[in-house]
Amino acid sequence: MSDHNVVIGIFNTALQYVRKPQRTVFLYNKANWKDISIAVKQLSIDSFIQSRIEGILNQLVPQKTSKSRFHLPWITRDVKTLMNRRDKLYIRAVRSKSPNDWLKFKSARTTAKQAIRNSHRSYVSEIIGEGLKDNPKVFWSDQGSP
């Protein structure tokens, strides 16, 4: 009998994504500029000009909340190009119903899948391999507690 114990760990390699918060964007091209200029001319010199102008813009300029697009960090420009090519070949194959176009699409689909898998593997190995040595906090933040 020895005093050594086996250490068993379960690692979750699924990455967590941090979504950017939504923000409000003014749509200046749809603003009512005549009403804005009238409202700005009515301001007196002693008023708080900046807060008044912001209030006028909030009332008279349409706004929308923008969202960031969902982005996978391992999808590079080359992988995106392969995915676009695959999608275009799919549309062509569906429209033409040609067996030759279907073979081209299937080949492009296989190539795109392999590129996505290889890119994901290299991304994860980069985080695990170098990240554990250089910045262990990033590595351990991706690991969920059991």
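I started with serine 119 in this predicted model. Serine 119 is at 11% relative accessibility, so I logged it as buried. I found it in helix H4, residues 99-134. Next I listed its contacts, skipping neighbours within four places in sequence: Trp74, Ile75, Thr76 and Val79.

Then I turned to the nonpolar cores. The largest has 6 residues: Ala31, Ile36, Ala39, Ile56, Leu57 and Val61. Helix H1 (33-41) and helix H2 (49-60) are the elements that each give two or more residues to this core. Another core, of 5 residues, lies apart from it; I noted Ile75, Val79, Met83 and Ala115 among its members.

I also looked up valine 61. Leaving out neighbours within four places in sequence, valine 61 is in contact with Phe26, Leu27, Tyr28, Ala31, Ile36 and Ile56.

Last came the rings. I have 4 aromatic pairs in the structure. Tyrosine 90 and tryptophan 102 have ring centres 6.0 Å apart and planes at 80°, so I put this pair down as edge-to-face. Tyrosine 90 sits in helix H3 (residues 77-96) and tryptophan 102 in helix H4, so the pair ties together parts 12 residues apart in sequence.

How buried or exposed are these rings' residues? Tyrosine 90 is partly exposed, at 40% relative accessible area. Tryptophan 102 is partly exposed too, at 29%.

Tyrosine 90 pairs with phenylalanine 105 as well: centres 5.2 Å apart, planes at 55°, so tilted. This pair also joins helix H3 to helix H4, tying together parts 15 residues apart in sequence. Phenylalanine 105 is buried, at 8%. I closed the page with one aromatic cluster, formed by Tyr90, Trp102 and Phe105.

Definitions and conventions: Residues are numbered from 1 along each chain as its sequence is written. This is a predicted model: local features need pLDDT of at least 70, side-chain atom pairs count only at pLDDT 80 or more; totals for chains, interfaces and linings use all residues. Side-chain values use heavy atoms; hydrogens and water are left out. A nonpolar core is a set of buried Ala, Val, Leu, Ile, Met, Phe, Trp, Tyr and Cys residues joined through side-chain atoms within 4.5 Å. Buried means under 20% relative accessible area, exposed over 50%, partly exposed in between (1.4 Å probe, protein chains only). Helices (H or I, at least four residues) and strands (E, at least two) are DSSP runs, numbered from the N terminus. Contact means heavy atoms within 4.5 Å. Rings of Phe, Tyr and Trp (its six-membered ring) pair if their centres lie within 6.5 Å; planes under 30 degrees apart count as stacked, over 60 as edge-to-face and the rest as tilted.
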